[in-house]
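Colleague: I'd like to go through this model with you and ask how each label was earned. Could you show it to me?

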Amino acid sequence: MKRASRYFNPPLDRRRFLTRALGAAGASAAAALNLAGAEGPPKRDDSGADYLKELEENERKVRSNDAKPMIGIGDKLKITKVETQLIKPRWLFLKVHTNAGITGLGEPIVEGRARTVATALEELTPYLLGKDPRAVVHHWQAMYRHAFYRGGPILTSAISGVDQALWDIKGKALGVPVYELLGGPTRARVRVYAHAGTVERIRQRKAEGFTAFKTGPFKERPARLVENKAFIDQAANRFAELREAVGDECDLAIDFHGALSQQTARLLIKALEPHQPMFIEEPVNCQEVEVMADIARGTHLPIATGERIFTKWGFREILEKKAASILQPDLCHAGGITECRLIAGMAEAFYAAIAPHNPLGPISLAAGLHLAAAIPNFLCQEQATLGAGYLKKPFQVREGYVDVPHGPGLGIELDEEALANKINHDWRNRETYDVDDGSVVDW
């Protein structure tokens, strides 16, 4: 009980709150299975406002003086404030506050569109205020489906951040890590990989404890629609240098970033095959599913994609057409922990692995670690920071792995003092043009 004391403030009794809150999951299951013996489901309006009241009513009906008492719903837990903060270098942090003094953390962001996502969160706030945050999946459905125009990067990124924060709150309220709420751990530690584009950088990251890395194709200029042999040879030779630096015991992936045409991508993949990349990420634009599937059939190298795919509906076509054997949902974009857990389940049915995308901050990393700890088909977790200068206790890499966080909720605490000089940013996406004719090119 002592470890969770910092999350609670008077007048709520901590012991009473925690013990009664543990019964919420059991009560929800009983209500869903209609074990109360009620004469049909109680009537309620179409707004869904009576949803939690029905759960409490059904819980009371299933109880018996002769049975072992269930742990009750306990004190009310309500969302009181939704707060966003721009954090350097390009992130957006979310804090969802409650009347119990519990604060949930999330990281909703579209890179280069931080203020747009913050506005989307302002639009979601009237729905969230006053709600019990523990009904995480119910809130996900409401936020997503109560919009006539659904999906897309802005809405699903906003929902993703809220979803992370609600899981964080629920875990803290129950005094358990999020992965326990997802079914318990499938592993004790999580493999992570680092970005490295030069031999010197790879050697540095190896010394830090990493055993897996990702780079991009070397290029002195953006790729043309049809590339010459020099471009392919130069990119392949640079990858060969990096492969030699990491050694055969380490893994090295390569990200085409969807910026190559299919003809160039096919040529470069063939040139890279002797060096056995861990995977080829986004060989072509993610919208070219048929082309990606054809590329996947033409090489023995694993194809990975997913950072710009949203929700389970977006990943369905990827799996059905076998366009990739490694899915990379971003927990800040694809729908949060709730949705990425479902995507992982779909992928398992197709014998595909999960390697969550994450070039973002430490809250995103923490969410990815909990997902990785709860699924059987996890491969490797991308990271851009281990949280130094952002978290009170940054993550540490040992032999290529990070330990699964065991604290309540996401298991992290922001270092507000260190964050003080990182507030606000005006990060923009790069603008890239062809060096020969000035036309716009993908970055």
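Modeller: Happy to. This is a predicted model, and its protein exposes about 20,600 Å², with carbon and sulfur atoms supplying 50% of that area. Of the 443 residues, 53% count as buried. The secondary structure comes to 15 helices and 13 strands.

Colleague: What share of the contacts between residues at least 6 apart in sequence joins residues at least 24 apart?

Modeller: That share is 68%.

Colleague: Let's take the sheet with the order β1-β2-β3. What makes β1 and β3 its edge strands?

Modeller: The sheet is open and has 3 strands with antiparallel pairing. Strands β1 (79–87) and β3 (103–106) each pair on one side only, and that is what puts them at the edges. From one strand to the next, the twist averages 20°.

Colleague: How do you know that β2 and β3 count as a pair?

Modeller: Two strands pair if DSSP finds at least two bridges between them. Strand β2 (residues 91–98) and β3 have 4 bridges in the antiparallel sense, so they qualify as a pair. If you want a spot to look at, Lys95 stands opposite Leu105 in β3.

Colleague: And which peptide bond is cis in the loop between β1 and β2?

Modeller: The one that joins Lys88 and Pro89, where omega is about 10°. Pro89 is found in that loop between β1 and β2. For context, most peptide bonds are trans.

Colleague: Which helix lies across β1 and β2?

Modeller: That is α4 (residues 114–128), running at about 180° to β1. Angles over 145 degrees count as roughly antiparallel, so α4 and β1 earn that label.

Colleague: How do you know that the span of α4 is close to the expected one?

Modeller: Helix α4 has 15 residues and reaches 20 Å from its first C-alpha to its last, against the 21 Å expected at 1.5 Å a residue. Its buried residues include Val117, Leu121, Leu124 and Leu128. Among the elements covering the buried residues of α4 are β1, β2, α5 (136–145) and α6. Just after α4, Gly130 takes a positive phi of about 85°.

Colleague: Moving on to α6, why is Ser160 called buried?

Modeller: The cut-off for buried is under 20% relative accessible area. Ser160 has 0%, so it falls in the buried class. The residue lies in helix α6 (residues 153–174). Not counting residues up to four places away in sequence, Ser160 touches Leu331, Cys332, His333, Ala334, Gly335 and Gly336.

Colleague: What makes α6 roughly perpendicular to α13?

Modeller: Helix α6 and helix α13 (residues 336–349) pack at an angle of about 95°, with their axes 6 Å apart. Angles from 65 to 115 degrees count as roughly perpendicular, so this pair fits the label. Ser160, Asp163, Gln164 and Trp167 of α6 make the contact with Gly336, Ile337 and Thr338 of α13.

Colleague: I'd also like to look at phi values. Which sign does phi have in His257, and where is that residue?

Modeller: The sign is positive, with phi at about 65°, although His257 is not a glycine. Most residues other than glycine have a negative phi. His257 sits in the loop between β6 (251–255) and α10 (262–272). Lys322 is another residue other than glycine with a positive phi, near 55°. It lies in the loop between α12 (311–320) and β9 (326–327).

Colleague: Why is His257 called partly exposed, and why is Lys322 called exposed?

Modeller: Exposed requires over 50% relative accessible area, and partly exposed is the range between 20% and that limit. At 27%, His257 is in the range in between, so it is partly exposed. Lys322 has 57%, which passes the limit, so it is exposed.

Colleague: One last residue: is Leu419 buried or exposed?

Modeller: Buried: its relative accessibility is 1%, so it meets the cut-off of under 20%. Leu419 is in helix α15 (residues 416–419). Leaving aside its neighbours within four places in sequence, it is in contact with Ile87, Phe93, Gly389, Tyr390 and Leu414. Leu419 and Leu391 are 28 residues apart in sequence, and their C-alpha atoms are 8.8 Å apart in space.

Note on methods
Residues numbered from 1 in each chain as written. Predicted model: local features only at pLDDT ≥ 70, side-chain atom pairs only at ≥ 80, totals over all residues. Heavy atoms only, no water. Helix = DSSP H or I, 4+ residues; strand = E, 2+ residues; numbered from the N terminus. Buried < 20%, exposed > 50% of the residue type's maximum accessible area, 1.4 Å probe, protein only. Contact = heavy atoms within 4.5 Å. Areas by Shrake-Rupley, 256 points an atom, 1.4 Å probe, with all protein chains shown as cover. Axes fitted to C-alpha atoms, helices over the stretch in contact; angles between N-to-C directions. Expected span 1.5 Å × (residues − 1). Parallel < 35°, antiparallel > 145°, perpendicular 65-115°, else oblique.
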